[in-house]
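Here is a short report on one sheet and its surroundings. Please look through the sequence and the 3D view before reading on.

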Amino acid sequence: MVIKKSVLRADEARENDDFSWIKELSREELEAALDDLPQKPHFHTKPYNHQLASFILGYYCPELLVFLDPGLGKTWVCLNMVKYRKQLGEPHRTFVAVPFRAAVQSWVDEAALHTPDLSVCPLRDSDNVLQAITDGKHDVYVATYAAMARLMCNVKGTPKGKWRIHEPTARKVKEAIDFLSVDEIHNFANKSSLYWRCANRIAKDAQARIGLTGTPFGRDPQELWAQFYLMDRGETLGPTLGFFREVFYTSKRGFWGNTEYTFQRRKKKLLYNIIKHRSILYEDKECGDVPQKLYITKHVQMPKSSLDI
């Protein structure tokens with residue numbers, strides 16, 4: 001992909017948002033910021049400072065990645081964003097994609113604790129998932145990545161061969177969903193994967209999008225592009241992965257004829273500043289009002305084979 005150098009320089013020099021300032025606000029200042037919202041939100045459980053800050057940002061910036069260390073309450077942020085949209089009378093039907101089955105029950109439990117006035121529907125592989133979503137009887141629908149793929153591909157049973165997105169089904173899901181939340185969004189670092197392509201179809205027309213994780217990437221920053229694109233449609237890291245690579249990577253032809261990309265370390269600070277445009281990050285050491293130890297009850301769904309013993 002060849003892009004004019006003038007375009008690349010303009011992208012590097014553009015002015016970006018930076019939400020780091022909100023981390024410096026006191027509790028009193030954060031609560032005062034709630035008065036500037038269209039209506040005063042009603043929280044069933046008291047939020048910590050970082051949760052309150054993330055919630056406020058989520059209202060003003062409904063296409064956000066929230067990077068919180070494990071145990072800092074990412075679920076609270078998302079559920080209360082949905083609840084507030086419902087309070088305002090805005091479209092709020094939400095699809096939450098989670099990595100595994102135990103996480104589905106965890107979201108149901110968290111909703112019962114923090115937002116009991118939201119109707120949450122756990123979507124199982126065996127359910128009539130499409131019917132449940134298009135009926136629109138619930139506020140939040142929670143499904144595993146695999147269940148999302150089965151839904152979008154209209155897969156029944158255990159078919160052989162490559163799964164493909166079923167266009168009529170994808171259109172119905174997009175029309176029914178207003179808000180997309182992707183839990184552990186670092187698992188969506190590959191834009192070619194089926195899970196990413198399914199989530200991307202839902203994200204395209206969603207009015208609000210939030211990605212949740214603790215660690216957005218490992219050794220290779222290329223993983224950031226797919227995650228940010230799902231949420232902000234290219235506003236932060238560019239419209240294509242090729243554009244992102246042109247800005248931050250050098251390339252050369254590999255031994256086997258493939259293209260090898262190397263991150264330009266001198267642009268590490270630039271990348272760090274750019275991703276602040278649509279994200280907020282808190283490490284546990286920045287959350288002084290959170291107790292060092294919290295006891296949380298987790299419910300685990302046993303497989304049918306175990307229940308028969």
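Are the residues on the two faces of β1 buried or exposed? This is a predicted model. In it, E63, L65 and F67 on one side of β1 are buried. L64, V66 and L68 on the other side are buried too. Both faces of the strand are therefore covered, and with 6 of its 6 residues buried, β1 is largely enclosed by the rest of the structure. Buried here means under 20% relative accessible area.

**The sheet**

β1 belongs to an open sheet of 7 strands with parallel pairing. The order is β3-β4-β2-β5-β6-β1-β9. β3 (120–122) and β9 (279–282) stand at the edges. Each has a single partner strand, so one side of each has no neighbour in the sheet. From one strand to the next, the twist averages 15°.

**Strand pairs**

Three of the parallel pairs are listed with their bridge counts.

| Strand pair | Bridges |
|---|---|
| β2 (residues 94–98) and β5 (residues 179–183) | 4 bridges |
| β1 and β6 | 5 bridges |
| β1 and β9 | 4 bridges |

Single residues can be matched across these pairs. T94 stands opposite F179 in β5. V66 has L212 in β6 as its bridge partner. For L68, the bridge partner is Y282 in β9.

**Helices across the sheet**

Helix α9 (residues 194–205) lies across β2, β5 and β6 (208–213). Its direction is at about 145° to β5. Helix α10 (residues 223–232) lies across β1 (63–68), β5, β6 and β9. Helix α10 runs at about 135° to β1.

Note on methods. Residues numbered from 1 in each chain as written. Predicted model: local features only at pLDDT ≥ 70, side-chain atom pairs only at ≥ 80, totals over all residues. Heavy atoms only, no water. Pairing = 2+ DSSP bridges. Axes fitted to C-alpha atoms, helices over the stretch in contact; angles between N-to-C directions. Contact = heavy atoms within 4.5 Å. Buried < 20%, exposed > 50% of the residue type's maximum accessible area, 1.4 Å probe, protein only.
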